[in-house]
Amino acid sequence: MTTLTYDDKLDQPAEKRRKNAKLLDYLRVNRNLMNEPIARSPRAHLNWRRNRKEKFRYYTIGNVTVRLPLDCSLGRKHATGFDMRVLFTLTALAKSRGGGKLRLSKTELLRHMGQPVHNTNRARLDMALKFLQHVTIIWEKWNFLKTYNCLEINGFIKCTPEGIQVSRKWLQVLAGGGYYQTLPLTLPVDATVQNLILLILAQTKRDEDLCGKRKFTSRRQITRLIGLNSHDRNRKLIKALHQAAKWFEQHGGSLDWKLKHDGSFVVWFREPRIHWL
């Protein structure tokens with residue numbers, strides 16, 4: 001396990017503090033996670049199953065299995081866009097701080113996430129931290145150095161009275177094998193929009209202007225991947241695309257799309273700008 005800290009912040013040289021502050025704006029995310037995003041709307045209905053012998057409940061999304069212990073008070077809570085934002089923020093803090101102990105109040109963590117500070121978000125944060133401690137996620141086909149392996153993360157964080165610890169295994173695989181994309185950390189909390197952005201930017205081919213194209217065989221394919229299964233999924237897809245385009249524009253990129261005559265769905269994009277020091 002890797003321990004994080006803010007206790008040494010004031011002792012760092014001014015240049016290092018500025019660099020760490022800048023690094024917290026971005027995160028390298030493995031494209032395996034982006035190609036099969038797991039966040040779903042809090043109101044989503046998932047097919048939960050029980051394994052009474054090993055005492056856990058689980059559900060699957062494509063090649064990904066998410067499971068929780070039966071004795072966990074979280075019940076049938078699944079991963080949401082808010083949970084993933086919490087995980088990405090803690091991971092960015094772990095990357096920027098090499099050692100020590102992380103002691104953050106709920107208010108400070110919410111401000112790092114760019115979320116309003118009120119009682120509802122504090123309660124959501126409590127649930128997210130508890131979920132990230134108890135959840136086990138298994139990727140059946142994790143691409144590492146052009147070979148597929150099974151990856152299991154048993155608990156992403158560990159909360160103790162001394163602070164928060166992030167799994168070293170998670171930190172290693174998130175940008176492992178060179179198969180990652182650097183993203184602005186301010187991803188939308190809405191699971192549908194967040195999944196759509198991750199799915200689009202998972203495309204590996206870019207030209208010299210950092211522009212790319214991603215083609216889906218149908219609207220049904222893209223709605224399934226981002227977790228839209230309701231009867232009005234096409235309307236919600238268009239709404240999510242407009243919200244994603246706004247996010248791209250806010251970060252110096254662009255997004256456009258077209259439904260072709262053969263039923264395929266094509267997305268053109270320019271990467272968000274990454275302003276390194």
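This report covers one sheet, the helix across it, and some aromatic rings.

## The model

This is a predicted model: local features need pLDDT of at least 70, and side-chain atom pairs count only at pLDDT 80 or more, while totals for chains, interfaces and linings use all residues. Residues are numbered from 1 along each chain as its sequence is written, and side-chain values use heavy atoms, without hydrogens or water.

## A three-stranded sheet

Three strands (DSSP runs of E, at least two residues, numbered from the N terminus) form an open sheet in the order β11-β13-β12. Their pairing is antiparallel; strands pair if DSSP finds at least two bridges between them. β11 (211–216) and β12 (254–259) are the edges, each with a single partner strand, so one side of each has no neighbour in the sheet.

Six bridges join β11 to β13 (residues 265–270). Gly212 has Phe269 in β13 as its bridge partner.

## Aromatic pairs

The whole structure holds five aromatic pairs. Rings of Phe, Tyr and Trp (its six-membered ring) pair if their centres lie within 6.5 Å; planes under 30 degrees apart are stacked, over 60 edge-to-face, and the rest tilted. Trp48 and Tyr59 have ring centres 4.7 Å apart and planes at 65°, so this pair is edge-to-face. Trp48 lies in the loop between α2 (31–35) and β3 (49–51), and Tyr59 in strand β4 (residues 56–61).

Buried means under 20% relative accessible area, exposed over 50%, and partly exposed in between (1.4 Å probe, protein chains only). Trp48 is buried at 11%. Tyr59 is buried at 1%.

Notes
Helices (H or I, at least four residues) and strands (E, at least two) are DSSP runs, numbered from the N terminus.
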